[in-house]
Amino acid sequence: MALEAAIQKRIIAALRKRGAYVAKFSAGDVGTPDLLVCYEGRFFGMEVKQPKRYPTKIQRHRMEQIKEAGGVGIVVRSVEDAIEALVEIENGTESDESD
């Protein structure tokens, strides 16, 4: 299993354990983030990347479109990154950062 796929699998399990709806996006609209997540009424597009890898231009554009529509578009590289995004929603301290 490729490293990115293994990271995705762990992130999906951890997010679902916290009560998030998670759909893995695998084909279709180019640049759509890997994981489509809904948690506590917020929509997330999570682009999963290996450490030291970065989103493509179209992936950055799609995440920006999600932000413009009121969602959260972020890059995550670990379970900790993904959980941190949910915790920020819980605490009301979410940021607009993405790579």
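**Fold and nonpolar core of the predicted model**

Val-37 makes contact (heavy atoms within 4.5 Å) with Leu-15, Ala-20, Tyr-21, Val-22, Arg-42, Phe-43, Phe-44 and Met-46, leaving aside residues up to four places away in sequence. The structure is a predicted model, in which local features need pLDDT of at least 70, side-chain atom pairs count only at pLDDT 80 or more, and totals for chains, interfaces and linings use all residues. Residues are numbered from 1 along each chain as its sequence is written, and side-chain values use heavy atoms, with hydrogens and water left out.

Val-37 also appears in the largest nonpolar core, a term for a set of buried Ala, Val, Leu, Ile, Met, Phe, Trp, Tyr and Cys residues joined through side-chain atoms within 4.5 Å. Buried here means under 20% relative accessible area, exposed over 50%, and partly exposed in between (1.4 Å probe, protein chains only). This core has 21 residues, of which Ile-11, Leu-15, Leu-35, Val-37, Phe-44 and Met-46 touch the most other members. Two or more residues each come from helix H1 (3-17), strand E2 (35-39), strand E3 (42-48), strand E4 (72-76) and helix H3 (79-91). Helices (H or I, at least four residues) and strands (E, at least two) are DSSP runs, numbered from the N terminus.

What pattern does the protein chain follow along the sequence? The order is α-β-β-β-α-β-α, built from 3 helices and 4 strands. The radius of gyration, taken over C-alpha atoms, is 12 Å, close to the 13 Å that the globule rule gives for 99 residues, so the protein chain is as compact as a globular protein of that length. That rule is 2.2 Å times the number of residues to the power 0.38. The C-alpha trace spans about 30 × 30 × 25 Å along its principal axes, and 42% of the 99 residues are buried. Of the contacts between residues at least 6 apart in sequence, 56% join residues at least 24 apart.

Two further positions round out the picture. Is Thr-32, in the loop between strand E1 (21-24) and E2, buried or exposed? Thr-32 is buried, with a relative accessible area of 19%, and touches Phe-25, Glu-47 and Arg-62, again not counting residues up to four places away in sequence. Val-72, in strand E4, is likewise buried, with a relative accessible area of 8%. From C-alpha to C-alpha, Val-72 and Asp-34 are 13 Å apart in space and 38 residues apart in sequence.
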